[in-house]
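Load the chain into your viewer and keep the residue numbering switched on. We will walk through sheets, helices and empty space in turn.

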Amino acid sequence: MSTYLSVEDRIKNFDEFLRNAPVSKQSAEALRCMSCGIPFCQSGMMISGMASGCPLHNLVPETNELVARENMEQAYVRLSKTHSFPEFTSRVCPALCEAACTQGCLGEPVPTKSNEAVIIDYAFEHGLVKEVAPKQRTEKKVAVVGSGPSGLAAAQLLNRRGHNVTVFERNDRIGGLLRYGIPNMKLDKRKIDRRVKLMEEAGVVFKTNVNVGADISAEDILKEYDRVILCCGASNPRNIIAEGRDAKGIYFAVDFLKEVSKKLMDNNYDSEKVIKANDFSFGSLKGKHVVVVGGGDTGNDCVGTSIRLGAASVTQIEMMPAAPLNRTENNPWPEWPKVLKTDYGQEEAIKVYGRDPRIFETTVTEFIKDENGNLKAVKTVELERKIDKKTGKMTFEHKKGSEKEIKADIVLIAAGFLGSQDYVTKAFGVEVNQRTNVATQEGKYETNIENVFTAGDMHRGQSLVVWAIAEGREAAKEVDISLMGYTNL
């Protein structure tokens with residue numbers, strides 16, 4: 001039910017484009033939830049290797065019933081029992097709950113994500129959201145390294161329990177990839193500041209510009225704190241190794257998005273000033289031809305950001321084939337629907353440039369430079385999928401005669417992440433798996449090093465904000481048990 005501003009209006013700035021429907025309309029939609037027989041929306045289980053339902057196990061029917069009754073205060077109380085930060089997921093989550101909605105089996109799912117947005121916005125507007133400082137402190141000290149969604153969720157619960165929590169962040173502001181990996185038009189960063197302020201008032205200590213493992217040693221952290229939770233994310237960007245990679249004008253998407261977000265915040269969210277100046281380390285995008293390599297959420301965010309900065313064209317290259325428009329027989333409900341999704345950035349490109357920016361089943365084979373070493377084009381080739389009969393693994397082969405050249409002044413690499421950064425893992429001596437994620441026992445969060453725990457993308461690999469919050473909450477419970485012998489979290 002929540003809607004976006006029109007493309008024509010929203011591409012003029014970096015303001016958040018989500019618009020909530022009136023409570024009365026959300027109430028009518030929430031009422032449909034009451035016709036459900038068996039709710040899969042709150043299961044948070046894995047089916048065929050994909051998540052189905054909410055990983056936080058939000059009790060969706062109970063919350064929706066309260067929305068249906070327009071009892072927004074109690075809806076917030078119910079939601080906050082299982083959820084740390086609805087203001088984040090209601091903006092950026094792909095809504096695993098809706099994908100598993102029983103109503104969606106035969107028709108449109110109940111818009112639970114929109115309900116969540118209405119609930120939390122109502123709660124903030126009416127002063128219902130509070131972080132109450134614990135009446136008694138345990139005098140146990142916990143260090144949380146990293147202030148993304150998993151770190152914030154763990155800090156929130158452990159502080160409520162009465163432990164003294166300090167959050168370390170290497171960047172200049174709190175939020176991790178919530179702040180610097182997601183553009184402001186999807187999640188206004190002032191929503192992060194609002195939540196951090198509440199947590200500070202309740203006793204959480206935040207330390208920015210402190211790079212644990214570099215500015216301060218792991219030994220010093222372990223000496224000072226009773227427990228440590230590593231929530232540093234999976235921040236190693238996947239590179240593209242091809243001829244001409246040293247050309248000027250090739251950037252990792254995460255660096256690009258971070259710089260734009262930082263510039264916006266440094267200019268007090270004045271989109272007009274940022275767009276007019278267009279003064280970045282990558283130069284001005286105005287009139288430039290941009291190629292984005294990668295088809296996920298980050299690639300889509302690069303498309304939308306480039307449009308706002310005045311790019312003459314944006315092309316998005318994806319290795320995988322286009323998904324079908326509808327579920328196939330081997331992808332039944334309540335599995336996650338593997339269908340083609342046209343996100344906000346692609347919608348904007350279609351409107352602005354008259355075409356879908358995506359080119360599927362294609363890869364870059366060469367970055368072409370001019371005489372000064374500046375990027376001027378990329379060479380691409382189409383891919384053919386092959387199945388290895390012995391191993392069953394999928395491989396990609398170049399399709400002969402399909403080579404093309406695409407004009408490119410700027411390339412943004414959004415090809416995913418490879419795992420945790422080793423200067424942190426080596427500093428603490430924690431074991432990592434083959435994907436360089438920090439290793440733990442299945443379903444557990446303590447590492448091989450005593451009193452050191454982990455959560456979020458650093459633990460599970462690149463994933464969703466909702467999974468990071470869920471892991472942060474579970475890690476907090478495990479830390480609490482290790483400190484107190486039991487937990488009431």
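What follows is a tour of a predicted model.

Start with the sheets. One open sheet has five strands in the order β7-β6-β5-β8-β18, and the pairing is parallel. β7 (205–207) and β18 (452–454) stand at the edges, each with a single partner strand, so one side of each has no neighbour in the sheet. Neighbouring strands of this sheet are turned by 20° against each other on average, direction ignored. Now look at the β18 edge. Strand β8 (residues 227–230) pairs with β18 in the parallel sense, over three bridges. Ile 229 has Phe 453 in β18 as its bridge partner.

Another open sheet also has five strands. Its order is β9-β17-β10-β11-β12, with parallel pairing. The edge strands here are β9 (250–252) and β12 (358–359), each of which pairs on one side only. Away from the edges, strand β10 (residues 289–293) and strand β11 (residues 313–317) run parallel and share five bridges. Val 292 has Gln 316 in β11 as its bridge partner.

A third pairing runs the other way. Strand β14 (residues 375–387) and strand β15 (residues 394–398) are antiparallel and are joined by five bridges. Arg 385 stands opposite Phe 396 in β15. The two strands, β14 and β15, form a hairpin with six residues between them. In the turn, Gly 392 has a positive phi of about 80°.

Next, the helices. How many residues of α14 are buried? The count is 11 of the 12, so α14 is largely enclosed by the rest of the structure. Helix α14 covers residues 297–308 and reaches 17 Å from its first C-alpha to its last, close to the 16 Å expected. The buried set mixes side-chain types and includes Asp 301, Cys 302, Val 303, Ile 307 and Arg 308. Just after α14, Gly 310 takes a positive phi of about 85°.

Helix α7 (residues 112–125) has 14 residues. From first C-alpha to last, α7 reaches 20 Å, close to the 20 Å expected. Of its 14 residues, 11 are buried, so α7 too is largely enclosed by the rest of the structure. Among the buried residues are Thr 112, Glu 116, Ile 119, Asp 121 and Phe 124. Gly 127, just after α7, takes a positive phi of about 65°.

One residue of helix α12 (residues 253–266) deserves a look: Met 265. Buried means under 20% relative accessible area. Met 265 has 8%, so it counts as buried. Its C-alpha lies 9.2 Å from that of Asn 184, although the two are 81 residues apart along the chain.

Now turn to the empty space. Rolling a probe the size of a water molecule over the atoms shows where such space is left. The structure holds four cavities of 30 Å³ or more. The largest cavity has a volume of about 200 Å³. It is lined by 21 residues, and Cys 54, Asn 58, Cys 97, Thr 112 and Glu 116 lie nearest its centre. The elements giving two or more residues to this lining are α3 (60–68), α5 (86–92), α6 (96–99) and α7. Which of them gives the largest share? Helix α7 does, with five residues. By class, the lining of the largest cavity has 11 nonpolar, eight polar and two charged residues.

The second largest cavity has a volume of about 70 Å³. Its lining includes Cys 33, Cys 36, Cys 41 and Cys 101. Thr 112 is another of its lining residues. Here the classes come to nine nonpolar, three polar and no charged residues.

Finish at the second largest pocket, which holds about 740 Å³ of space. It is lined by 28 residues. Nearest its centre lie Tyr 445, Trp 467, Ala 470, Glu 471 and Glu 474. α8 (149–161), α17 (457–460) and α18 (465–484) each supply at least two residues of the lining. The largest share, six residues, comes from α18. By class, the pocket lining has seven nonpolar, 10 polar and 11 charged residues. Compare that with the second largest cavity, where the lining has no charged residues.

Technical notes
Residues numbered from 1 in each chain as written. Heavy atoms only, no water. 1 Å grid on protein atoms, 1.4 Å probe; cavity = no way out; pocket = protein on both sides within 12 Å on 5 of 7 lines; lining within 4 Å. Points joined across faces, edges and corners; volume = space filled by probe spheres on them. Helix = DSSP H or I, 4+ residues; strand = E, 2+ residues; numbered from the N terminus. Nonpolar A, V, L, I, M, F, W, Y, C, P; charged D, E, K, R; others polar. Expected span 1.5 Å × (residues − 1). Buried < 20%, exposed > 50% of the residue type's maximum accessible area, 1.4 Å probe, protein only. Pairing = 2+ DSSP bridges. Axes fitted to C-alpha atoms, helices over the stretch in contact; angles between N-to-C directions.
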